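Please find below my notes on this entry, set out as numbered points. They are meant to be read beside the sequence and the coordinates.

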Amino acid sequence: MQKIRATQVSGVNLPLYLTMMVILALTIALHKLPLNMLGLTLMLVLLGHFFYYIGNRLPIVKSYLGGGSVFTIFAAAALAALGWIPANVVMATKTFMNANGLLDFYIAALIVGSILGMNRNLLLKAAVRFIPVSLAAMVLGFFAVGIVGWLLGVGFGHAVMFVSMPMMAGGIGAGAVPLSHIYTQGLGTNAGVMFSELIPAVTLGNVMAVIGAALIAKVGANTKYDGHGVLIPITAAEKSQPVTNLDATRIGVGMMLAFSFFLVGTILNDFVPKVHTYAFVIILVIIFKAFNWVPKPLEDSVVMFNQVIMGNLTHAVLAGIGLALIDLNVLAHSLTWQFVLLVLTSVVVMGLASALIGQLFGLYPVEAAIAAGMADNSMGGTGNVAVLSAANRMEMIAFAQMGNRMGGAIVLILGGILIRFLR
């Protein structure tokens, strides 16, 4: 009994945690869970931390299948697929994650905090090397999938248009949805049918990218190729110093500054809709960091906010991804061996290409393979969180989003051109 009481799940002793889980289960069973910020946040936090705790202790899962991050996603997805979480709660979670802005809340904190927390010289040196590596990996992945598709008899055009490009388009809302409309206009078909053809590649690609990121981090750990979350070799002066003394008032200031950057990105996106809000936020914060326009006390405030959000909401977001965005039934119906091989080709080739080209550009291969190769195959913002969490490299969120958004925009442009010729 003493050992059980000493066991803690995210700072809460196990008996108390299980009591809260029972309360949650009863509330859901009685259809009394408030489908608002209070109820859904508690549900995602409790499920997320609990599944992450279990996944990091299951022998095979923790060593080869992405550990807590992947287990959290699939366990939550299984609850939805089995009907243990009612459909109305799943739908409310999807709305909460996307339309109601939980993801925007989380990702804004991560992007602004991670960029402002980096050394200025390191940020600029890494960014100019990372972008060409990411784009080159996408080009190689595109042709590799096409060639394998041709060899399998699927066809070069079908393989690249319905496997490679959806995987690299930047997720669902900013990727698969606009790409399905682009394809619909080019082919004169139904947008809903077209979207259903694209979503399996996006989903399976994300899953493989998450597992791939975890394996890359494990295989490359403590080798000369491992940057421990930093893209390029750094000096002692360039190493970021963690903010250890958290201050409640300054955390609030950091939140206001981070969200103000996000609102400016939203305004710019209104003028230039083809450039995602996240992309504008990244550009803005890099400019402010490059010119030292943010005083050090304010930078530290944003970093504090970043640390609080990462520590408390990362596992909740992973649970939300599984509940609301991973449909195991759709995945099961699409799993032909040819389809799986094509998705695997994209992940493997882009991972290897990012590592090798990244090394030529002076990047650590492990970090390049994760932030470019794996993230460019992920489900946009949510996928980047899952990929980096599985590899324990959340500090690279800005670079993952950078490659994801730039590459996604290029994919949408090419999709409109190529669909008429390659279908």
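1. Which residues make the nonpolar surface patch of about 590 Å²? The patch is made by Trp337, Leu341, Leu344, Val348, Leu352 and Leu356. Patches here consist of residues with over 30% relative accessible area and no salt bridge, with like charges joined within 9 Å and nonpolar side chains (Val, Leu, Ile, Met, Phe, Trp, Tyr) within 5 Å. Accessible areas come from the Shrake-Rupley method with a 1.4 Å probe, and for residues only the protein chains shown count as cover. One of the patch members, valine 348, lies in helix α16 (residues 337-360), and at 40% relative accessibility it counts as partly exposed; buried means under 20% relative accessible area, exposed over 50%, and partly exposed in between (1.4 Å probe, protein chains only).

2. On provenance, this is a predicted model, in which local features need pLDDT of at least 70 and side-chain atom pairs count only at pLDDT 80 or more, while totals for chains, interfaces and linings use all residues. Residues are numbered from 1 along each chain as its sequence is written, and side-chain values use heavy atoms, with hydrogens and water left out.

3. On confidence, the mean pLDDT (the predictor's confidence in each residue, from 0 to 100) of the protein chain is 85, and 92% of its residues reach 70 or more. Among the elements of the chain, helix α1 (residues 2-6) has the lowest mean pLDDT, 67, and α16 the highest, 94; helices are DSSP runs (H or I, at least four residues), numbered from the N terminus. Where pLDDT is low, the predicted coordinates should not be read in detail.

4. The count of salt bridges, each a side-chain nitrogen of Lys or Arg within 4 Å of a carboxyl oxygen of Asp or Glu, comes to four. In one of them the side chains of arginine 393 and aspartate 226 meet at 2.6 Å, N to O. This pair links distant parts of the chain, with arginine 393 in the loop between α18 (380-390) and α19 (397-422) and aspartate 226 in the loop between α11 (191-219) and α12 (248-271), 167 residues apart.

5. Arginine 393 also forms a salt bridge with glutamate 367, the closest N and O atoms being 2.6 Å apart. Glutamate 367 is in helix α17 (residues 365-374), 26 residues from arginine 393, and both residues are buried. Through shared partners, salt bridges join Asp226, Glu367 and Arg393 into one network.

6. Aspartate 226 deserves a separate look, as its side chain takes part in further polar contacts (pairs of N or O atoms within 3.5 Å; within protein, one must be able to donate a hydrogen and the other to accept it, and residues adjacent in sequence count only if both atoms are side-chain atoms). A polar atom of this side chain lies 3.0 Å from the backbone nitrogen of asparagine 222, and the side chain reaches the backbone nitrogen of histidine 228 at 2.8 Å. With a relative accessible area of 6%, aspartate 226 is buried.

7. Another salt bridge is formed by glutamate 299 and lysine 289, whose closest N and O atoms are 3.2 Å apart. Glutamate 299 is in helix α14 (residues 296-325) and lysine 289 in helix α13 (residues 277-290), ten residues apart. Both partners are buried, glutamate 299 at a relative accessible area of 8% and lysine 289 at 6%.

Methods. Helices (H or I, at least four residues) and strands (E, at least two) are DSSP runs, numbered from the N terminus.
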